[in-house]
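Q: Please take a close look at a single part of this structure and describe, with care, how the pieces around it are put together.

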Amino acid sequence: PKKQKHHPHSRYVHTALNNYVSHLHGHGSQDLYRMVIEEVERPLFSCVMQHLGGNQTRAAELLGISRSTLRKKLALYDID
């Protein structure tokens with residue numbers, strides 16, 4: 001099987017998540033997946049929209065998602 005190449009950012013994400021999980025000290029965390037996705041998506045969408053001057057069509061293309069999905073995420077995170 002072909003080994004998948006990881007982006008350099010995955011190392012930083014792995015380190016941050018490892019630190020977070022190790023600091024739980026056996027205490028459970030609720031909905032870790034949702035928390036991580038929100039922590040990544042919110043600044044991602046905000047940054048892309050700012051960079052593209054609010055152009056949703058170009059932002060959706062850059063992100064590789066549909067405009068309707070982009071609009072849902074912008075509303076979810078209250079991003080103009």
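A: In this predicted model, a convenient place to begin is Leu52, which touches Arg58, Ala59 and Leu62 when residues up to four places away in sequence are not counted. Leu52 is also one of the ten residues of the largest nonpolar core, where it is joined by Phe45, Val48, Met49, Ala59, Ala60, Leu70, Leu74, Tyr77 and Ile79. The elements that each give two or more residues to this core are α2, α3 (residues 56-63) and α4, and the largest share, three residues, comes from α2. As a general matter, nonpolar side chains in soluble globular proteins tend to be buried together.

The three helices can then be taken pair by pair. Helices α2 and α3 pack at an angle of about 130°, with their axes 9 Å apart; angles that are neither under 35 degrees, nor over 145, nor from 65 to 115 count as oblique, and α2 and α3 are therefore oblique to each other. Their crossing is right-handed. On the α2 side the contact involves Leu44, Phe45, Val48 and Met49, which meet Gln56, Ala59, Leu62 and Leu63 of α3, and by class this contact has seven nonpolar residues, one polar residue and no charged ones.

Helix α2 (residues 32-51) also meets helix α4 (residues 67-76), the axes of the two coming within 10 Å and crossing at roughly 115°. That angle makes α2 roughly perpendicular to α4, and the crossing of this pair is left-handed. Here Glu41, Phe45 and Met49 of α2 make the contact with Leu70, Lys73 and Leu74 of α4, so that, by class, four nonpolar and two charged residues take part, with no polar ones. Phe45 and Met49 thus appear on the α2 side of the contact with α3 and again on the α2 side of the contact with α4, and both of these residues belong to the largest nonpolar core.

The remaining pair is α3 and α4, which pack at an angle of about 100° with their axes 9 Å apart and are therefore roughly perpendicular to each other. Gln56, Thr57, Ala59, Ala60 and Leu63 of α3 make this contact together with Arg67, Leu70, Arg71 and Leu74 of α4, and these residues divide into five nonpolar, two polar and two charged. Ala59, Ala60, Leu70 and Leu74 are among the residues of the core described above.

Two aspartates outside these helices deserve attention for their backbone geometry. Most residues other than glycine have a negative phi. Asp31, in the loop between α1 (residues 9-22) and α2, has a positive phi of about 60° although it is not a glycine, and Asp31 is partly exposed, with a relative accessible area of 41%. Asp78, placed in the segment after α4, likewise has a positive phi, of about 55°, and is not a glycine; with a relative accessible area of 67%, Asp78 is exposed.

Finally, on the side of α1, Val21 is found within that helix and is partly exposed, with a relative accessible area of 42%. The C-alpha atoms of Val21 and Leu32 are separated by 9.6 Å, the two residues being eleven apart along the chain.

Technical notes:
Residues are numbered from 1 along each chain as its sequence is written. This is a predicted model: local features need pLDDT of at least 70, side-chain atom pairs count only at pLDDT 80 or more; totals for chains, interfaces and linings use all residues. Side-chain values use heavy atoms; hydrogens and water are left out. Axes are lines fitted to C-alpha atoms, for helices over the stretch in contact, and angles run from 0 to 180 degrees between N-to-C directions. Helices (H or I, at least four residues) and strands (E, at least two) are DSSP runs, numbered from the N terminus. A crossing is left-handed if the near helix is turned anticlockwise from the far one by less than a right angle, and right-handed if clockwise. Contact means heavy atoms within 4.5 Å. A nonpolar core is a set of buried Ala, Val, Leu, Ile, Met, Phe, Trp, Tyr and Cys residues joined through side-chain atoms within 4.5 Å. Buried means under 20% relative accessible area, exposed over 50%, partly exposed in between (1.4 Å probe, protein chains only).
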